[in-house]
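Please examine the sequence and the three-dimensional structure shown below. The paragraphs that follow lead through selected features in turn.

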Amino acid sequence: GTINQRLNQILSKAIEDRGVDKVCERLLVMKLDTLSPKEIIEQITISLTEVKPDLVIIDGVVDMTENFNDPYESRRLVQLLRNIAVQYNLAVIALIHENPHTDKARGHLGTFLLQKSWRAWSLERMGGVIKVNCVKARGEGHQPFAFSLKANLGLLEVPVPESGRDKIACKDLILLLLQRGHIKRCDLYKLLSPYKAPRTIENEVSKLIATNRVVEKKDTLALA
């Protein structure tokens with residue numbers, strides 16, 4: 001219940017920020033990591049029939065197999081995921097870690113997933129930012145992009161960092177928040193105070209106003 005509630009809150013905020021009126025009521029979160037691979041597959045199959053989702057995200061696909069290095073078992077699991085996608089007319093996103101000290105997905109399972117997937121991404125933590133690279137695409141791929149997930153700011157798409165030490169500049173955070181709509185100056189300070197010093201926020205707001213990138217009317221800030 002608690003996991004579902006928290007995810008609903010996060011998705012509601014993300015959807016609201018993008019101008020969509022309501023959250024899909026078919027969201028279901030299941031904690032299955034204590035079950036055996038056979039039990040996990042059974043629970044997912046039951047839920048597919050009941051919930052009829054458009055998208056299934058499996059966080060830790062290796063939990064669905066006894067041995068992710070077994071070629072036969074790995075190939076059979078990948079085929080099962082493909083069958084699920086076709087039978088239930090949905091998309092499947094399977095998360096798998098990379099092998100230690102390499103950029104290859106774990107085991108034979110990772111190899112077969114990459115071979116059969118329509119698209120594959122790798123996530124790289126760079127400072128306080130997650131960089132997303134497209135490592136495989138059937139058809140046109142996409143350029144790298146980056147995001148940051150902060151407790152009170154939600155999900156923010158941010159500039160792609162050039163090094164692991166890069167952090168999101170205060171100016172960029174202000175502009176990213178204002179892309180969602182106008183905001184009162186005091187509310188902006190409250191949102192940014194856990195990450196930036198008040199003097200820094202004040203100085204950056206003043207610079208953005210002075211350079212005509214941000215306008216202020218009745219203590220409310222908006223993009224110019």
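Strand E8 is joined by 4 bridges to strand E9 (residues 220-223), and the two run antiparallel. Strands here (E, at least two residues) and helices (H or I, at least four) are DSSP runs, numbered from the N terminus, and two strands pair if DSSP finds at least two bridges between them. This is a predicted model, in which local features need pLDDT of at least 70 and side-chain atom pairs count only at pLDDT 80 or more, while totals for chains, interfaces and linings use all residues. Residues are numbered from 1 along each chain as its sequence is written, and side-chain values use heavy atoms, with hydrogens and water left out.

The pairing of E8 and E9 belongs to an open sheet of 3 antiparallel strands in the order E7-E9-E8. Its edge strands, each of which pairs on one side only, are strand E7 (183-184) and strand E8 (214-217). One pair of bridge partners is Lys217 and Thr220, the latter in E9. The loop between helix H7 (198-210) and E8 contains Asn212. Asn212 has a phi near 65 degrees, a positive value in a residue other than glycine. As background, most residues other than glycine have a negative phi. Asn212 counts as exposed because its relative accessibility is 61%; the term exposed means over 50% relative accessible area, buried means under 20%, and partly exposed lies in between (1.4 Å probe, protein chains only).

Which residues are linked in a network of salt bridges? They are Arg185, Glu202 and Glu216. A salt bridge is defined as a side-chain nitrogen of Lys or Arg within 4 Å of a carboxyl oxygen of Asp or Glu, and the structure holds 4 of them. In the network, Arg185 meets Glu202 at 3.4 Å, N to O. Arg185 lies in helix H6 (residues 185-192) and Glu202 in helix H7, so this pair ties together parts that are 17 residues apart in sequence. Arg185 also meets Glu216 at 2.7 Å, N to O. That pair links distant parts of the chain, with Arg185 in helix H6 and Glu216 in strand E8, 31 residues apart. Arg185 is buried, because its relative accessible area is 15%, whereas Glu202 is partly exposed at 32% and Glu216 is partly exposed at 35%.

A further salt bridge joins Lys207 and Glu204, whose closest N and O atoms are 3.8 Å apart. Both residues lie in helix H7, 3 residues apart, about one turn of the helix. Glu204 is buried, with a relative accessible area of 17%.

Helix H5 (residues 170-178) is largely enclosed by the rest of the structure, because 7 of its 9 residues are buried. These buried residues are Cys170, Leu173, Ile174, Leu175, Leu176, Leu177 and Leu178.

Another antiparallel pairing is that of strand E4 (residues 129-137) and E5, which are joined by 3 bridges. Within it, Val132 stands opposite Phe145 of E5. In a regular strand the side chains alternate between the two faces of the sheet. Along strand E5 (residues 145-150), Ala146, Ser148 and Lys150 point to one face and are buried, while Phe145, Phe147 and Leu149 point to the other and are not. Ala146 is 22 residues from Glu124 in sequence and 9.2 Å from Glu124 in space, C-alpha to C-alpha. Glu124 itself belongs to strand E3 (residues 119-126) and is partly exposed at 37% relative accessibility.

The surface carries two kinds of patch to consider. Patches are made of residues with over 30% relative accessible area and no salt bridge, where like charges are joined within 9 Å and nonpolar side chains (Val, Leu, Ile, Met, Phe, Trp, Tyr) within 5 Å. Leu55, Ile57, Ile93 and Leu95 form a nonpolar patch with about 330 Å² of accessible area together, areas being obtained by the Shrake-Rupley method with a 1.4 Å probe and, for residues, only the protein chains shown as cover. Strand E1 (55-59) and strand E2 (91-95) each supply at least two residues of this patch. Ile57, placed in E1, counts as exposed at 54%.

A positive patch is formed by Arg75, Arg82, Lys116 and Arg138. Lys and Arg count as positive, Asp and Glu as negative, and His and the chain ends are not counted; the place of a charge is taken as NZ of Lys, CZ of Arg, CG of Asp or CD of Glu. Arg82 lies in helix H3 (residues 71-87) and is partly exposed at 39%.
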